[in-house]
Amino acid sequence: MSDEAHRALRRRLEQRKTELLERLERIKANVRRGYHADSKERAQELENHEVVDALGNDTRAELARIGATMERLEAGDYGLCKSCGGEISPGRLEAYPYADECIDCAELGEHRRNHRS
């Protein structure tokens with residue numbers, strides 16, 4: 001990966017990280033709000049809270065993927081498959097910059113997960 005491509009990816013990851021941290025703050029603020037006294041309203045709020053909690057979990061998971069990707073960039077391992085050591089195709093990295101496996105290893109892992117007994 002060229003130095004310019006490395007810097008561009010880092011900027012893209014940093015921007016996404018900032019967006020996600022802002023989202024997480026909004027989620028936390030939403031969760032801190034009190035519940036309505038009316039039981040019908042409270043039931044709806046609790047249901048909404050579950051959705052907000054799931055969004056928070058997804059946001060934290062993506063932040064972890066960004067962190068791992070940045071670590072691979074710094075270590076010089078970005079673009080190399082963690083399973084076989086081969087190169088991850090540029091197209092895969094463009095579509096999914098967090099990819100840490102080549103498509104063959106990712107499909108094999110998915111196949112194994114789907115066929116566990």
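This tour visits salt bridges in a predicted model, one selection at a time.

**The whole structure**

Begin with the entire model displayed. A search across it finds ten salt bridges. The stops below visit some of them.

**Stop 1: Arg 12 and Glu 94**

Select Arg 12 and Glu 94, whose closest N and O atoms are 3.9 Å apart in a salt bridge. Arg 12 belongs to helix α1 (residues 3-32) and Glu 94 to helix α3 (residues 90-95), so this pair ties together parts that are 82 residues apart in sequence. Display the surface next: Arg 12 is partly exposed, at 38% relative accessible area, while Glu 94 is exposed, at 54%. Glu 94 is classed as exposed because its value of 54% lies over the 50% cut-off.

**Stop 2: Lys 28 and Glu 25**

Move to Lys 28 and Glu 25, whose side chains form a salt bridge with an N to O distance of 3.8 Å. Both residues lie in helix α1, three residues apart, which is about one turn of the helix. Each is partly exposed: Lys 28 has a relative accessible area of 38%, and Glu 25 has one of 44%.

Salt bridges with shared partners also join Glu 4, Arg 7 and Arg 11 into one network. Select these three residues together for the last stop.

**Stop 3: Arg 11 and Glu 4**

Within this selection, focus on the salt bridge between Arg 11 and Glu 4, where the closest N and O atoms are 3.4 Å apart. How accessible is Arg 11? Arg 11 counts as partly exposed, with 47% relative accessibility. Its partner Glu 4 is likewise partly exposed, with a relative accessible area of 43%.

Terms used: Residues numbered from 1 in each chain as written. Predicted model: local features only at pLDDT ≥ 70, side-chain atom pairs only at ≥ 80, totals over all residues. Heavy atoms only, no water. Salt bridge = Lys/Arg side-chain N within 4 Å of Asp/Glu carboxyl O. Buried < 20%, exposed > 50% of the residue type's maximum accessible area, 1.4 Å probe, protein only. Helix = DSSP H or I, 4+ residues; strand = E, 2+ residues; numbered from the N terminus.
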